[in-house]
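This report describes a structure for a reader who is new to the subject. Please keep the sequence and the model in view while reading.

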Amino acid sequence: MSSSVLDVTAVGGSPLLRRWIRNLTLPQRVIGILLLLLLVFFVIMPAINIVYTSLTFSLSDRRLPQVVDRGIEVVPGEFTTVHLERVFWSKLTNKMFLIPLRNTLIITLGLTALSMLIGSSLAWLVVRSNMPWKRGIANFASIPYIIPSWPIALAWIAVFKNTKLGGHPGWFQYMFHVPPPDWISYGPLPIIITLSLHYYAFSFITVSGALASIDSRLEETAELMGASKFTVMRKITLPLVMPALMSAFILTFSKGIGTFGTPAFLGLPVRFFTLSTQVYSNVKNNLAGDAYLLAIVMILISSITIYMNAKVIGARKSFVTISGKGFRAKPVDLGKFKWVMFGLVILFLVIFVLGPLYILSWQTFMEVDGDYSLRNFTLHYWIGPSGATGSLGQLLGEGQAGILRNSEVWFAAWNSIRLALTVSTLAAILGVLLGYAIVRGRGTGLSKALDSLSFAPYVFPGIAFGAVYLGMFAKRIGPIPALYGTFSLLVIVSLAKRLPFSSRTGTAAMLQVHKELEEAGSLVGAGFFKRFMKIIFPLTKSGFMAGILLSFITTMRELSLIVLLVTPSTKVLTSMIFRYTEGGYHQYGDAITMFVVIISLTGTLIIRKAQKTDLSKGIGG
Amino acid sequence: MDKNKVKIKLDKLRKEFGDVVAVKDIDLEIYEGDFLTLLGPSGCGKTTTLLAISGLEEASGGKIFIDGKLVFSKKDEIIVAPSKRNLGLIFQSYALWPHMTVSENISFGLKVKKLPSEEVTQRVNDILKDVQLDEYGERYPSELSGGQQQRVAIARMLVNRPQIFLMDEPLSNLDAQLRMEMRSELKQLHTKTKATTIYVTHDQEEAMTLSTRICVMNEGDIRQIGTPEEIYEKPADVFVAGFISNPKMNFFNGRVSKVNKKTFIDAGGFSIEVPEDVVGTREEVRLAVRPEDFDISGTGISYTVQTRLPTGSSQILMAENQSGDNLTLFFSTEISAKAGDVIKLSIKPGKIHIFDNETSLRLN
């Protein structure tokens with residue numbers, strides 16, 4: 001497309017001037033330049049800010065022992081290595097950096113291994129075996145991906161909480177009258193298990209895709225040559241799905257690094273810190289400089305994994321199975337284990353997918369937490385009035401009303417919905433524009449810059465991204481007022497974090513709209529705006545709508561990104577869940593969690609109906 | 001076609017994609033009422049030239065005039081918008097908007113021009129009748145057959161009443177039978193409208209049957225411009241001779257010999273007398289003979305039939321002589337021959353094409 005939005009021939013002046021005007025007024029260029037400015041604001045400035053803050057003094061640094069002891073005068077904005085020293089080379093290093101780093105690596109590697117094991121085994125059974133009811137199982141198994149990761153952690157607490165740390169006992173202790181040991185109640189093991197129960201969906205989806213594309217004749221040929229089933233698996237099947245396994249590894253690993261909710265719920269009670277919870281605690285303790293250095297470490301780890309992904313498997317993301325006519329996908333006969341496997345899978349799904357949701361729902365009906373008997377049943381936490389008393393005359397939930405009658409919850413729900421609606425709409429529009437500028441400008445530096453800049457937020461773990469925005473918008477920058485505590489800040493940060501997803505979907509949608517369809521319009525005199533509204537937009541509409549819904553759900557359930565940024569006036573459902581759970585009001589937290597879960601599931605079902613695709617679609621949200 | 005009236009003129013038109021020169025400073029004049037085909041193998045620059053004329057692709061150098069008016073000049077940075085060049089284009093993919101009905105597709109351009117709605121309806125209905133799609137106005141393109149989609153694309157172009165028709169391989173997506181039908185429809189369309197047409201194809205048969213003139217391109221250069229007959233009978237160089245031939249042209253290395261002041265070219269066992277001035281002082285030339293330009297007679301050079309490929313009404317023979325020269329021959333089935341037969345061949349008088357070995361250009 002070479003027609004500019006202006007008829008430049010009509011512009012007077014020298015040919016050179018006209019060329020300049022024309023080049024700058026090509027539609028993809030105009031949009032591209034505006035988007036580039038936006039991306040600089042969204043991505044580059046925060047990145048500079050995070051480095052700057054960690055290398056300079058801020059007012060709150062006055063109380064740091066390293067400053068007080070040496071009598072250093074703190075001038076805000078002046079260069080200092082004090083944060084570097086504190087994090088990497090001081091008595092604090094162990095507690096603030098090394099232990100959280102070790103914990104993060106233990107958890108991430110553990111959850112990656114476990115979730116890949118679960119995910120790929122399930123994938124093999126669903127795609128390649130003759131296990132019954134495979135389609136149903138495939139959809140069932142994708143549910144954990146749709147709902148947020150932390151409800152499983154909350155369910156774990158409900159079941160395995162012990163009384164050693166105070167509060168009410170969990171289901172286990174209630175049933176068996178023995179408190180479970182600490183290492184089962186809290187810390188790395190439950191974190192790994194509960195996160196794996198969410199993240200296995202990544203491996204499940206990618207490996208299923210790879211397995212489904214394998215022609216079973218490839219395996220049969222090996223069998224004909226006398227290879228045993230095990231050899232076939234090891235020498236043929238495994239190498240063919242290797243690229244998918246690798247990308248599942250990278251995906252899970254880089255998501256795991258930044259995960260916040262679960263380590264916070266299951267780690268903080270026993271002071272088990274990961275990098276993400278350490279960042280949170282540093283920010284809360286007004287140690288922004290230290291927090292940002294840890295955030296940089298997280299970004300580095302996550303960048304390295306993504307870089308390795310591009311280097312190691314980028315060139316062969318998937319094998320193209322070369323085959324002639326026809327395609328055979330003969331399921332492997334499990335023989336007498338067919339029903340055994342089916343039973344195990346169903347048991348797994350019921351316990352680990354439905355179980356947590358069941359436990360959480362049940363908990364919301366318990367008058368006293370931890371008492372699973374029927375006489376303890378109450379609807380108070382849903383519909384009770386404020387100041388209601390329980391059967392023993394105690395004030396329920398310190399006098400707070402049930403969530404459906406609680407104006408604070410309604411306020412947070414309204415904020416959540418408002419935020420999700422605004423973000424998803426803006427993200428979709430931004431996505432289409434990015435897609436247009438990237439696809440139509442293909443080959444230009446501008447297009448490449450937009451492509452890579454819009455991907456950059458992917459390497460920022462949510463909590464780190466939130467921390468960066470907190471620092472950047474705490475004060476006025478040029479014409480932009482201080483945004484801390486405003487709703488706009490939540491919109492901006494969520495929008496920025498959605499950029500990789502927006503630009504991917506936008507680019508994919510735009511690639512579907514062949515350039516000629518637009519050219520046919522410009523040939524009969526349709527200007528850019530007309531072409532966009534009448535041709536491009538209608539043709540990308542279905543992807544656009546699905547993108548909106550997916551963004552809506554993701555924003556609804558987002559916690560780590562905004563947990564540092566919400567204030568009482570901008571609280572959202574997820575931040576309320578976090579507060580309630582932190583404060584021990586599990587019934588309230590769980591009730592709101594169920595609410596978010598229901599919204600997520602319904603939304604995904606709508607997408608699925610609209611797109612006629614499987615529940616398992618939508619990786620990358 | 002009116003040779004006195006140049007409708008479109010390309011002056012040293014050039015297009016580069018990075019380091020690749022797709023169109024190399026070509027000059028071309030297209031006359032009013034011309035049906036000019038840009039013919040050549042893929043990657044020869046024909047579509048690029050077409051798109052440069054339309055204005056959808058910006059050339060890297062040179063000038064384009066339409067009706068004597070400068071519409072493109074790189075040097076002066078004059079680029080008239082595609083919609084102001086008074087032309088219509090049929091894309092190879094048709095580029096029908098899938099989200100619009102047939103009527104909406106056709107009326108789009110008229111609505112952009114803000115024509116009164118009665119006139120839009122009238123013109124759309126008229127054109128639908130013309131292309132025999134009056135029943136299909138409310139259908140979506142995906143609900144039509146390939147040939148019907150093709151007609152919608154034609155209607156969408158015609159309804160805007162352009163003076164110039166541009167067509168980019170419009171028949172390549174159709175099956176063989178439909179292609180024949182649409183070919184004759186396109187020819188009728190041109191006869192009826194007399195609109196100047198530029199047609200891009202790699203199919204020589206399509207070019208021969210449709211065009212008033214053919215412009216053969218290769219590697220960004222124009223190799224020959226002429227009527228279909230001129231191109232067929234007097235290919236300007238070795239490339240054109242080889243490209244415009246079906247079955248494939250027979251090429252020989254010819255040795256020039258002089259006997260009794262007469263000049264002969266010896267090739268493939270044949271010895272052909274040629275006027276002396278044709279070959280000049282050359283000792284070797286390149287010789288080409290079409291498969292249908294051989295006679296089987298009692299006398300002549302002996303060739304052994306290797307393979308016989310009957311096509312129904314005619315037959316293609318592959319033959320070889322003792323020195324290992326290979327020939328492709330094309331005869332009607334009246335001549336009986338089978339693999340293993342020895343046939344006596346001679347070249348029909350005046351049916352040889354002689355080219356310079358160095359320049360590849362035609363000598364006779």
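In what order do the 5 strands of the open sheet in chain B lie? The order is β14-β13-β12-β15-β20, and the pairing is antiparallel. The model is predicted: local features need pLDDT of at least 70 and side-chain atom pairs count only at pLDDT 80 or more, whereas totals for chains, interfaces and linings use all residues. Residues are numbered from 1 along each chain as its sequence is written, while chains are lettered from A and ligands numbered from 1 in the order in which they are written.

**Strands of chain B**

Helices (H or I, at least four residues) and strands (E, at least two) are DSSP runs, numbered from the N terminus. Two strands pair if DSSP finds at least two bridges between them. Strands of a sheet pair through backbone hydrogen bonds, either parallel or antiparallel.

In the open sheet, β14 (270–274) and β20 (352–356) of chain B are the edge strands, each pairing on one side only. Direction ignored, neighbouring strands of this sheet are turned by 35° against each other on average; the axes behind this angle are lines fitted to C-alpha atoms, for helices over the stretch in contact, and angles run from 0 to 180 degrees between N-to-C directions.

The table lists antiparallel strand pairs of chain B, each with one pair of opposite residues.

| Strand pair | Bridges | Opposite residues |
|---|---|---|
| β13(B) and β14(B) | 5 bridges | B:I265 and B:I272 |
| β16(B) and β19(B) | 7 bridges | B:I296 and B:L345 |
| β16(B) and β17(B) | 6 bridges | B:T307 and B:M318 |
| β1(B) and β2(B) | 9 bridges | B:I8 and B:I30 |
| β1(B) and β4(B) | 5 bridges | B:K9 and B:F65 |

Two hairpins deserve a closer look. Between β16(B) and β17(B) there are 3 residues, and B:G312 in this hairpin takes a positive phi near 110°. The hairpin of β1(B) and β2(B) has 2 residues between the strands, and there B:G18 takes a positive phi near 65°.

B:D19 is placed in the loop between β1 (2–17) and β2 (20–32) of chain B. Is B:D19 buried or exposed? B:D19 counts as exposed because it has 5 C-beta neighbours inside 10 Å. By definition, a residue is buried if 20 or more other C-beta atoms lie within 10 Å of its own, exposed if 12 or fewer, and partly exposed in between, with C-beta atoms placed from the backbone. B:D19 and B:T328 are 309 residues apart along the chain, and their C-alpha atoms are separated by 39 Å.

**Where chain B meets chain A**

Two residues are in contact if their C-beta atoms, placed from the backbone, lie within 7 Å. On this basis, 25 residues of chain B are in contact with 23 residues of chain A. On the side of chain B that touches chain A, β6 (78–79) and α2 (102–112) of chain B are the elements that give two or more residues. The largest share, 3 residues, comes from α2(B). By class, this side has 13 nonpolar, 6 polar and 6 charged residues. Here Ala, Val, Leu, Ile, Met, Phe, Trp, Tyr, Cys and Pro count as nonpolar, Asp, Glu, Lys and Arg as charged, and the others, Gly among them, as polar.

**Two domains of chain A**

An automatic or database domain assignment provides the bounds: for chain A it gives domain 1 (92–320 + 333–377) and domain 2 (403–611). Their C-alpha centres lie 25 Å apart. The contact takes 34 residues from domain 1 of chain A and 29 residues from domain 2 of chain A. On the domain 1 side, α16(A) gives the most, with 9 residues. The residues of that side divide into 23 nonpolar, 10 polar and 1 charged.
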